[in-house]
Amino acid sequence: MLNGSAMSRGDGNEQNAKECAVLKWIPEQNATPSSRFLKLELELNAHLRGLSFGDPVRYVYNPLEYAWETHRCYVEKYCQEGQSFLFLGMNPGPFGMAQTGVPFGEVKSVVDWLKITGSVGRPDDEHPKRRINGLACTQSEVSGARFWGFFRKLCSEPAAFFRHCFVHNLCPLIFMSSSGKNLTPPELNAREREELLRLCDIALCQAVEALGVSMVIGVGRVAEQRARRALAAAGIDVRVEGIMHPSPRNPLANKGWESVAKAKLAELGVLSLLSKNTWSEESSHTQMTL
């Protein structure tokens, strides 16, 4: 578990707005997008260590600590200039980012398509039914397989996706009950949840400004609503939209998540930027101008 006394609590949107303004990101000269992003994540980690959680939470894993090597590989490989769209998940899944350090990080997609490498350690306090096996994990996470599988079909090469997009989670922590049941942030104690998300909101505001994205696309209604509230409260003029979450818990997603996601991304003007033909044309144009 994460132990320690809780940090000072905010008073809703007004407090978040004040803190985001005070903590507004000031770009470092010559810093790359990936180095800026990783620095913000390390700062968030430092704040999260001061939180504590009671029932129903018994175990808390932070893959941005024990899976930092693979996470850093993902960020350094794919976080780059010119990414206008930030896909935002809520928090890690037990067989996705919890194992790989990559958002929606189903192991096969992370290893075979994204080509992420590195060693993964273990959390200090590990549930016997929720062991961390890293990139050797054999259990697939449906949400991640659907998410990355869809973009693999659409883009063929990761470079076609990451030319315009990046993927991030609002909260890096995964929570479990004593039985090993996965708990999402909305299921936490109200006071502890709001303190956690207050810190994550501030980090999101900083990340959006540091990366210079023009649209945040929440993957699932909770991530979408939280991003919209946090960014509006901070006065950050970034469009916030959403797509259906690919979770197998969602009956609609089980009936054809890819077709729903495709239609929504077409409506948002993102789909046309990610097609194989568009990527080939942009690559050819780039080579001709070099």
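In what follows, Ala, Val, Leu, Ile, Met, Phe, Trp, Tyr, Cys and Pro count as nonpolar, Asp, Glu, Lys and Arg as charged, and the others, Gly among them, as polar. The model is predicted, and the subject here is the empty space within it. Rolling a probe the size of a water molecule over the atoms shows where such space is left.

The largest pocket comes first. It holds about 880 Å³ of space. Its lining consists of 35 residues, and those closest to the centre of the pocket are S143, T184, H245, S247 and R249. Sorted by class, the lining of this pocket has 16 nonpolar, 14 polar and 5 charged residues.

Several elements take part in the lining of the largest pocket. At least two residues each come from α7 (142–155), α10 (221–233), β7 (239–243) and α12 (257–268). Of the elements, α10 gives the largest share, with 4 residues.

Enclosed space is a separate matter. A cavity is a set of points where a 1.4 Å probe fits but cannot get out, and the model has 2 cavities of 30 Å³ or more. About 140 Å³ of space lies in the largest cavity. It is lined by 16 residues, of which F37, E41, L44, H168 and N169 are the closest to its centre.

Two helices and a strand contribute to the wall of the largest cavity: α2 (33–48), β3 (165–169) and α9 (190–211) each provide at least two lining residues. The lining of this cavity divides into 12 nonpolar, 3 polar and 1 charged residues.

Terms used
Residues are numbered from 1 along each chain as its sequence is written. This is a predicted model: local features need pLDDT of at least 70, side-chain atom pairs count only at pLDDT 80 or more; totals for chains, interfaces and linings use all residues. Side-chain values use heavy atoms; hydrogens and water are left out. On a 1 Å grid over the protein atoms alone, a cavity is a set of points where a 1.4 Å probe fits but cannot get out, and a pocket is an open set with protein on both sides within 12 Å along at least five of seven lines; lining residues have an atom within 4 Å of a point. Grid points are joined across faces, edges and corners, and a volume is the space filled by probe spheres set on the points.
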